[in-house]
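The exercises below are meant to be worked through with the sequence and the coordinates open side by side. Each task is followed by a solution in steps.

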Amino acid sequence: MDELGFNKIAGAILATALGFMLLKEVSHSIVHSEAPDVPAYALELPTEGPVVEEVKAPFPQAEWVAAMDADRGARVFKKCVSCHNNEAGGANGTGPNLYGVVGAPAAVHDGFAYSNALKTSGKTWTYASLDGFLERPGRYISGTNMNFIGLKKPEDRAAVIEYLRTGAANPIPRPEVAAFDPAPTEEVVVEADPGAVIEEMTAQDAPIETPEMVEQ
Ligand code: HEC
């Protein structure tokens, strides 16, 4: 191809690209698009195929510890004040006074009539048990008298626990982020068996069947 021909082609490609860019800009400025709250389609996930187990980091995860914010916790505690207070020597209400509860054994606050469920739970209020209890009190200790739906967000639980912790005279230390190494250890790495791999494939991944494969 001579040089002039090449230049024409290159010029045409450049002009087309420029045209597309312009078109995109213009259409963006005319049509303001916003993602809908609810997606218009549902994703169908394949039900067959290898089950990939989601590995959850052990408690407390880095995000949880980072969410230990006493100021936010003070706001979350507004959900608790109809039944609890956190002052030294504060009165019991519908629920026990919570001063110094982080790190303490469960159901030991003087003068409060705890449920048998909590009294016999044998729990100590560690970060993990408080997190579990505050997420869904009735599920964590079935039969508890704490009639509270729970705090769904882990950040809210971490925050209110930090608020309770720092409100005590001698707060227990903040927790360390639990060590977590999701990489498989040498023992669990198994030699790949090519036959097994084909069996585990999802319909989507499976190679298109050829007559020889059907015969097998
Ligand atoms: C509707 C009242 C009510 C609300 C709201 C409530 N609690 Fe409770 N809470 C109770 C009662 C009652 C108990 C005692 C449970 C038992 O004896 O089984 C309790 C027990 C507890 C305990 C265990 C105390 C101990 O001495 O062992 C903790 C910790 C606690 N609540 C924290 C909270 C926090 C934090 C909130 C807010 C996010 C909250 N509660 C909201 C009523 C409530």
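Six donors count as octahedral if opposite donors are over 155 degrees apart and all others lie between 65 and 115. The model to which this criterion is applied here is a predicted one.

**Exercise 1. Determine the arrangement of the donor atoms around the iron atom of the ligand, and identify the donors that the protein supplies.**

Step 1. The protein donors are NE2 of H84 and SD of M146, which lie 1.9 to 2.1 Å from the iron atom of the ligand.

Step 2. Because the six donor atoms around the iron atom subtend angles of 86 to 178°, the arrangement is octahedral.

Step 3. In sequence this pair links distant parts of the chain, 62 residues apart: H84 belongs to the loop between α3 (70-76) and α4 (116-119), whereas M146 belongs to the loop between α6 (137-140) and α7 (154-166).

**Exercise 2. Describe the surroundings of the ligand.**

Step 1. The ligand takes up the space of the largest pocket, and 25 residues surround it, the closest being C80, C83, H84, S115 and M146.

Step 2. Sorted by character, the residues of this shell comprise 16 nonpolar, eight polar and one charged, and helix α5 (residues 127-135) contributes the largest share, three residues.

Step 3. Polar side-chain atoms of Y114 and W125 each approach an oxygen atom of the ligand, at 2.6 Å for Y114 and at 2.7 Å for W125, while a polar side-chain atom of H84 lies 2.7 Å from a nitrogen atom of the ligand.

**Exercise 3. Locate the cis peptide bond and the residue with a positive phi although it is not a glycine.**

Step 1. Most residues other than glycine have a negative phi, and most peptide bonds are trans.

Step 2. The cis peptide bond joins F59 and P60, with omega about -5°, and P60 lies in the loop between α1 (3-30) and α2 (62-66).

Step 3. The positive phi, about 60°, belongs to A107, which is placed in the loop between α3 and α4.

Notes: Residues are numbered from 1 along each chain as its sequence is written. This is a predicted model: local features need pLDDT of at least 70, side-chain atom pairs count only at pLDDT 80 or more; totals for chains, interfaces and linings use all residues. Side-chain values use heavy atoms; hydrogens and water are left out. A residue is near a molecule or strand if one of its heavy atoms lies within 4 Å of it. A polar contact is a pair of N or O atoms within 3.5 Å; within protein, one must be able to donate a hydrogen and the other to accept it, and residues adjacent in sequence count only if both atoms are side-chain atoms. On a 1 Å grid over the protein atoms alone, a cavity is a set of points where a 1.4 Å probe fits but cannot get out, and a pocket is an open set with protein on both sides within 12 Å along at least five of seven lines; lining residues have an atom within 4 Å of a point. A molecule sits in a cavity or pocket if more than half of its atoms lie within 2 Å of its grid points. Helices (H or I, at least four residues) and strands (E, at least two) are DSSP runs, numbered from the N terminus. Ala, Val, Leu, Ile, Met, Phe, Trp, Tyr, Cys and Pro count as nonpolar, Asp, Glu, Lys and Arg as charged, and the others, Gly among them, as polar. Donors are N, O and S atoms within 2.8 Å of the metal (3.2 Å for Na, K and Ca); water is not among the atoms, so sites may look incomplete. Four donors count as tetrahedral if all angles lie between 85 and 135 degrees; four count as square planar and six as octahedral if opposite donors are over 155 degrees apart and all others between 65 and 115; anything else is irregular.
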